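Trainee: Could we go through this protein slowly, so that I learn how each descriptive word is earned?
Mentor: Gladly, and we shall set each value beside its definition as we go.

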Amino acid sequence: MSIEGQIAGIVFGLIFGMIIPRLPLLFFTRFLNLERGLSPHPDPIPVDVPLVQRMLLIRRIHMMGWVLAAFPLLLSIAIMRTSPEPFALGMFAGVIWFILSRLIPVNIQSGVGIMPMKLVRQVNNLRQPDPPCCNRPRPQWEVRKVRCRYCRTVILNKPRPDMGRIRSDGRLLGLFRILLMDGRSLYKSEEEE
Ligand SMILES: [Zn+2]
């Protein structure tokens, strides 16, 4: 095989290995109608039962990515055991990159993964802020933090991960953003800075 052919094989394998584990996230969050119950992107989402349910759903979708990652991982290992195919090598690297990007937490205290259970519980507890920020507490998740809609008190200093709403920047751009960021927020929470 020519050098060009080998490089093309590695690149195709890499793209394949990177996209397969992210398929559930790309598919379910972009093309299914998940719009019901939540305000349209990028509006703030009121902290209430629909938000908590959506967080659990997104968590499940991220888990499905792990199941799908096993397929290119095992396939590439099986191929490489018999012959060093460039495509298998690229695919292996792509899956390993997916695994590392998920396992290495941005901040160890906030839990592993993009939608850790700890975060879901934290947000669930905010439905009734204690102590209340004002006499009409109405927490809502903005892009960078959870704030009360009325008194603007910061209730939780965490940026909002992707909630599977169709993004205001359009389907295609939203798709690329999800592929690159895995649904993480572009912003860091201030406690990490
Ligand atoms: Zn308030």
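**Reasoning from values to words**

Mentor: Let us begin with one residue: leaving aside its neighbours within four places in sequence, P139 is in contact with V47, L126, P129, V146, C148 and I155. Please keep in mind that this is a predicted model.

Trainee: What makes P139 and V47 count as being in contact?
Mentor: Two residues are in contact if their C-beta atoms, placed from the backbone, lie within 7 Å, and V47 is listed among the contacts of P139. For P129, which is also on that list, there is a separate value between C-alpha atoms, 7.9 Å, for two residues ten apart along the chain.

Trainee: Why is P139 called buried?
Mentor: The word requires 20 or more other C-beta atoms within 10 Å, and P139 has 26, so P139 is buried. Across the protein, buried residues make up 22% of the 193 residues.

Trainee: Where does P139 sit among the elements of the protein?
Mentor: P139 lies in strand 2, which covers residues 139-141, and P139 stands opposite C148 in strand 3.

Trainee: How do you know that strand 2 and strand 3 pair?
Mentor: Pairing asks for at least two bridges between the strands, and strand 2 and strand 3 (residues 146-148) have three, in the antiparallel sense. In general, strands of a sheet pair through backbone hydrogen bonds, either parallel or antiparallel.

Trainee: What makes strand 1 and strand 4 edge strands?
Mentor: The open sheet has four strands in the order 1-2-3-4, with antiparallel pairing, and strand 1 (45-46) and strand 4 (154-156) each pair on one side only.

Trainee: Which elements does the protein have besides these strands, and in what order do they run?
Mentor: There are six helices and four strands, and from the N terminus on they run α-α-β-α-α-α-β-β-β-α.

Trainee: How are helix 3 and helix 4 placed against each other?
Mentor: Helix 3 (residues 49-82) and helix 4 (residues 86-103) pack at an angle of about 145 degrees, with their axes 9 Å apart, and helix 3 passes helix 4 in a left-handed crossing. Among the residues that make the contact are L73 and I77 of helix 3 and F92 and V95 of helix 4.

Trainee: What classes of residue make up that contact?
Mentor: By class, the contact of helix 3 with helix 4 has 14 nonpolar residues, one polar and no charged ones. Leu, Ile, Phe and Val count as nonpolar, so L73, I77, F92 and V95 belong to that class.

Note on methods: Residues are numbered from 1 along each chain as its sequence is written. This is a predicted model: local features need pLDDT of at least 70, side-chain atom pairs count only at pLDDT 80 or more; totals for chains, interfaces and linings use all residues. Axes are lines fitted to C-alpha atoms, for helices over the stretch in contact, and angles run from 0 to 180 degrees between N-to-C directions. Helices (H or I, at least four residues) and strands (E, at least two) are DSSP runs, numbered from the N terminus. A crossing is left-handed if the near helix is turned anticlockwise from the far one by less than a right angle, and right-handed if clockwise. A residue is buried if 20 or more other C-beta atoms lie within 10 Å of its own, exposed if 12 or fewer, and partly exposed in between; C-beta atoms are placed from the backbone.
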